[in-house]
Amino acid sequence: MLRRVPHSLRRALVSSASTHHGRAQIPNPSHSPPQALLPQWRRYASIASSSSAPPQPPSPPRGPSRPGGGAPSVSSLNPAEVAKFAAIAETWWDSNGPFKPLHLMNPTRLSFIRSTLCRYFRRDPYSSKPLKGLKVIDVGCGGGILSEPLARMGATVTAIDAVDKNIKIARIHAASDPTTASIEYCCTTAEELVKEKRMFDAVISLEVIEHVANPLEFCESLSALAVPNGATVVSTINRSMRAYATAIVAAEYILGWLPKGTHEWSKLVTPEELALMLQKASVSVEEMAGFVYNPLSGEWSLSDDISVNYIAFGVKKSGTPSTDGAEARLP
């Protein structure tokens, strides 16, 4: 289920940001006290084994979240996050390992990407190679679990990650299939490719923005990588009480789906903040959808519920100048 973002909502999202001295600022939400989490905690704790109490997770921060902008930096890279994922890089293709949630969510993520890109670029979604002829970049590709399906859909894929171990594992896995062996894997950052004036028809970055040092500059780099009229797809986790209870308390500390400390609540990004940052980076959010997990079937599905996991599709404004004179891609 896709949520078309109307113009009125786009205006509301942008106007929801406070303005200070003429500069739009990422809004600081009113954080609820830890006591507000007790009902959710008790509900999720009831499914845990009574013989072993789960470790106490960190409380949501009371102070403001990190800023979305600020002085220009060399890179939005967060060294601590890079080290965190480097430690578990060997498990990317273990469907029952630390990245199991991403493996389970992958078909639903691909469904959204296939649907939005085919509709925007006027492709047949039922074709065996619906993305043929499109240059696509996967920013923060990890071990390539998204890059490979994109290549099988016909896209010319470039995939980048700041963790060298991830790239090595992705290359080895892709080499086993002629369809994916052509993926261009690079250990680099989006900012570095912007300096090289690389541009793509579609820029995709899933579950990455909540791990970078400066999300606004990261959005600007994603925009710079897209040709005018190009597509941008970003997914992340909402900074909500429900997301804290499910994506952090339950997933990391009770069910053990993810290593403890994978996500920091203060670094999560609300849909309003994401839309605003992309808007400031000359990308207009056109569609948004949520991911909902069904514990009975063990499957994810698209939904209008964006309170926890969500994904957004945007279009780079045609008036944004190209850095290398590349011809604008028309839908």
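In which loop is Gly140 found? In this predicted model, Gly140 sits in the loop that runs between strand 4 (135-139) and helix 5 (147-152). The close-ups below start there and then visit some other spots.

**View A. Gly140 and its surroundings.** Let's begin with the loop between strand 4 and helix 5, where Gly140 is found. With a relative accessibility of 28%, Gly140 counts as partly exposed. Leaving aside residues up to four places away in sequence, Gly140 touches Ile160, Asp161 and Val208. One of these contacts, Asp161, appears with Gly140 itself in the "binding site" listing of the unreviewed UniProt entry. Arg109 and Leu206 are also listed there.

**View B. Leu206 in strand 7.** Here we turn to another position that UniProt lists under "binding site" in an unreviewed entry, Leu206. Leu206 is found in strand 7, which covers residues 200-206. Its relative accessibility is 7%, so Leu206 counts as buried, the cut-off for this being under 20%. Not counting residues up to four places away in sequence, Leu206 touches Arg109, Ile113, Val139, Leu146, Val233, Val234, Ser235 and Ile311. Arg109, one of these contacts, shares the UniProt listing with Leu206.

**View C. Helix 4 and its kink.** Helix 4 takes in residues 100-120, 21 residues in total. From first C-alpha to last, helix 4 reaches 30 Å, close to the 30 Å expected at 1.5 Å a residue. Do look out for Asn106, where helix 4 has a kink of about 45°. The proline Pro107 follows shortly after the kink. Just after helix 4 comes Arg122, with a positive phi of about 60°.

**View D. The Glu207 and Arg109 salt bridge.** Side chains of opposite charge can pair when their charged atoms come close. Glu207 and Arg109 give us an example, their side chains meeting in a salt bridge at 2.7 Å, N to O. Glu207 lies in the loop between strand 7 and helix 8 (215-225), while Arg109 belongs to helix 4, so the pair ties together parts that are 98 residues apart in sequence. Both Glu207 and Arg109 are buried. The structure as a whole holds 10 salt bridges.

**View E. A salt-bridge network around Arg152.** Which residues does Arg152 pair with in this view? One partner is Glu148, with the closest N and O atoms 3.3 Å apart. Glu148 and Arg152 both lie in helix 5, 4 residues apart, which is about one turn of the helix. Glu148 is buried, at a relative accessible area of 1%, whereas Arg152, at 35% relative accessibility, counts as partly exposed. The other partner shown is Asp177, whose salt bridge with Arg152 likewise has its closest N and O atoms 3.3 Å apart. Asp177 lies in the loop between helix 6 (164-174) and strand 6 (184-187) and Arg152 in helix 5, so this pair ties together parts that are 25 residues apart in sequence. Through shared partners, the salt bridges join Glu148, Arg152 and Asp177 into one network.

**View F. Cysteines.** How many disulfides does the model hold? The count comes to 0. Cys141 is in no disulfide, and the nearest cysteine sulfur, belonging to Cys186, is 9.0 Å away. A disulfide would call for sulfur atoms within 2.5 Å. Cys141 is buried, with a relative accessible area of 4%. Cys219 is buried as well, at 0%.

Notes: Residues are numbered from 1 along each chain as its sequence is written. This is a predicted model: local features need pLDDT of at least 70, side-chain atom pairs count only at pLDDT 80 or more; totals for chains, interfaces and linings use all residues. Side-chain values use heavy atoms; hydrogens and water are left out. Helices (H or I, at least four residues) and strands (E, at least two) are DSSP runs, numbered from the N terminus. The expected span of a helix is 1.5 Å times one less than its number of residues. The bend at a residue is the angle between axes fitted to the seven residues ending there and the seven starting there. UniProt positions are given in the numbering used here, feature names are shortened, and annotations may be inferred rather than shown by experiment. Buried means under 20% relative accessible area, exposed over 50%, partly exposed in between (1.4 Å probe, protein chains only). Contact means heavy atoms within 4.5 Å. A salt bridge is a side-chain nitrogen of Lys or Arg within 4 Å of a carboxyl oxygen of Asp or Glu.
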